[in-house]
Structures are given as structure tokens and as C-alpha cells.
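Here are some exercises for you to try with the sequence and the 3D view side by side. Read each task, have a go yourself, and then follow the solution step by step.

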Amino acid sequence: METEPSNQHPAWVQELESEFGSANQNAFGTAVFYEQTADGSSRLEELAQKWYQYFCGPNWERFGPENWLGTWKRVGSTSPKMVPLVDELTNLDDAQARLSGLTMLDGRENPSTAKRALSRAFDTPAIEERQIYSIGDGGAMSGLLIAGRRSGGENVFLAFLLD
């Protein structure tokens with residue numbers, strides 16, 4: 001599973017990667033994943049789970065898929081048109097997910113730049129679908145995965161996982 005080299009990603013993805021890191025298999029911290037689908041017909045949740053597994057790398061099997069997927073649940077709205085992403089993250093109903101969102105936003109070197117990158121990626125009129133999921137290993141690690149699909153089959157995923 002490979003993403004394109006980041007220098008070939010659109011500028012808005014490069015900006016997101018600059019703030020949150022490029023694709024990796026660290027299962028810790030943050031990482032951005034970008035994928036262009038031919039027709040945009042792949043279910044966004046399926047793609048999100050694929051990148052979540054990739055992000056977990058060898059830990060996916062070591063701790064078991066049932067643990068990683070045991071915490072998987074949608075915690076955000078189904079419509080990106082409702083509220084800006086940053087506002088949604090700071091007001092999630094799920095307390096653990098809200099804490100993860102606040103930690104991800106405020107734990108950046110420059111929170112305002114990070115919030116701008118998130119908005120540019122996930123609040124644009126080009127976004128057709130946006131989903132936010134709670135993730136973790138079922139133990140000490142918890143976080144969020146934000147998935148977005150733009151018109152033209154552009155898909156972006158931001159994973160955030162801490163212990």
C-alpha cells in the first residue's frame with residue numbers, strides 16, 4: 001500500500017502533511033494518507049479502515065485486529081456542510097474523542113497553522129463526505145481518524161493516536 005510521493009500530492013495535502021506528518025506505520029502520533037480512487041465509488045469507511053491498518057503497521061497483528069477495530073466507531077457528523085471541522089472536533093459528543101481532538105489541535109507547534117491546514121483540507125466545498133472515527137488499541141492508546149472525500153475521487157485521511 002503506497003501513497004504517491006508527497007511532492008506529487010496537491011498543495012492542500014502537502015500543507016496537511018507539513019503540519020501532521022506524511023504516511024507512516026508508527027501507530028503513534030499523527031500521519032496523513034492520500035489516495036486517488038478512479039471513480040470515487042469506494043466506500044470512504046472501507047478506505048479509512050485500510051489506512052488505519054496501514055498506520056498501525058506490525059502492531060495491527062501483534063495486538064490483534066479485534067482490539068484495533070473494537071474501538072472503531074463513527075463519532076462525527078455525516079455532513080461536512082454542517083460545521084467547520086475544528087468546531088466539530090472541539091464539540092464531539094464522545095468525551096474521549098473530544099479530548100483526542102483537542103489534544104491533536106492544541107498539541108501542535110503552531111496550533112493556528114495546523115487548524116488552517118485542517119480547514120483547507122476538510123472544509124472546502126470540494127468535500128463531498130467527511131467522517132470522524134474513534135480509534136485505539138482497546139487499551140492505553142486512543143485517538144481519531146478523520147476521513148474526507150473530495151470531488152474527483154480524492155481521498156485524504158488523518159490519523160492521530162497517543163497513549
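## Warm-up: a covered strand

Strand β5 is mostly covered, with 8 of its 9 residues buried. Here, buried means under 20% relative accessible area, exposed means over 50%, and partly exposed is in between (1.4 Å probe, protein chains only). This is a predicted model, in which local features need pLDDT of at least 70 and side-chain atom pairs count only at pLDDT 80 or more, while totals for chains, interfaces and linings use all residues. Residues are numbered from 1 along each chain as its sequence is written, and side-chain values use heavy atoms, with hydrogens and water left out.

## Exercise 1: the overall build

Task: find how many helices and strands the protein chain has, and in what order they run.

Solution.
- Step 1. Count the elements: the protein chain has 7 helices and 5 strands. Helices (H or I, at least four residues) and strands (E, at least two) are DSSP runs, numbered from the N terminus.
- Step 2. Walk along the chain from the N terminus, and you meet α-β-α-α-α-β-α-α-α-β-β-β.
- Step 3. Check the compactness: the radius of gyration is 14 Å, close to the 15 Å that the globule rule gives for 163 residues, so the protein chain is as compact as a globular protein of that length. The radius is taken over C-alpha atoms, and the rule is 2.2 Å times the number of residues to the power 0.38.
- Step 4. Add the extent: the C-alpha trace spans about 35 × 35 × 30 Å along its principal axes.
- Step 5. Look at burial: of the 163 residues in the protein chain, 51% are buried.

## Exercise 2: the sheet

Task: work out in which order the strands lie in the sheet, and which strands stand at its edges.

Solution.
- Step 1. The 5 strands form an open sheet in the order β1-β5-β4-β3-β2, with antiparallel pairing. Two strands pair if DSSP finds at least two bridges between them.
- Step 2. β1 (29-36) and β2 (73-74) are at the edges with a single partner strand each, so one side of each has no neighbour in the sheet.
- Step 3. Follow the bridges. β1 and β5 run antiparallel and are joined by 8 bridges; Tyr34 stands opposite Val156 in β5.
- Step 4. Go on to strand β4 (residues 142-150), which is joined to strand β5 (residues 154-162) by 9 bridges. Gly143 has Leu161 in β5 as its bridge partner, and Leu144 has Phe160.
- Step 5. Strand β3 (residues 127-136) is antiparallel to β4, again with 9 bridges. Ser134 has Leu144 in β4 as its bridge partner, and Leu144 is thus a residue to find again from the previous step.## Exercise 3: two turns and a loop

Task: find which residues in the two hairpins have a positive phi, and where Ala27 lies.

Solution.
- Step 1. β3 and β4 make a hairpin with 5 residues between them, and Gly138 in the turn has a positive phi of about 85°.
- Step 2. The hairpin of β4 and β5 has 3 residues between the strands, and Gly152 takes a positive phi near 85° there.
- Step 3. Ala27 is not a glycine, although it has a positive phi of about 55°. Look for Ala27 in the loop between α1 (11-20) and β1.
- Step 4. Ala27 counts as buried, at 2% relative accessibility.

## Exercise 4: Glu35 and its surroundings

Task: decide whether Glu35 is buried or exposed, and list which residues it touches.

Solution.
- Step 1. Place Glu35: it lies in strand β1. In β1, 7 of the 8 residues are buried, so this strand is largely enclosed by the rest of the structure.
- Step 2. At 16% relative accessibility, Glu35 itself counts as buried.
- Step 3. Leaving out residues up to four places away in sequence, Glu35 touches Leu47, Lys50, Trp51, Gly153, Glu154 and Asn155. Contact means heavy atoms within 4.5 Å.
- Step 4. Pick out Trp51, one of these partners. Trp51 sits in helix α2 (residues 44-56) and counts as buried at 1% relative accessibility.
- Step 5. Compare sequence with space: Glu35 and Arg149 are 114 residues apart along the chain, with C-alpha atoms separated by 9.5 Å. For Trp51 and Leu158, 107 residues apart along the chain, the C-alpha separation is 9.2 Å.
- Step 6. Widen the view to the protein chain: among contacts between residues at least 6 apart in sequence, 61% join residues at least 24 apart.
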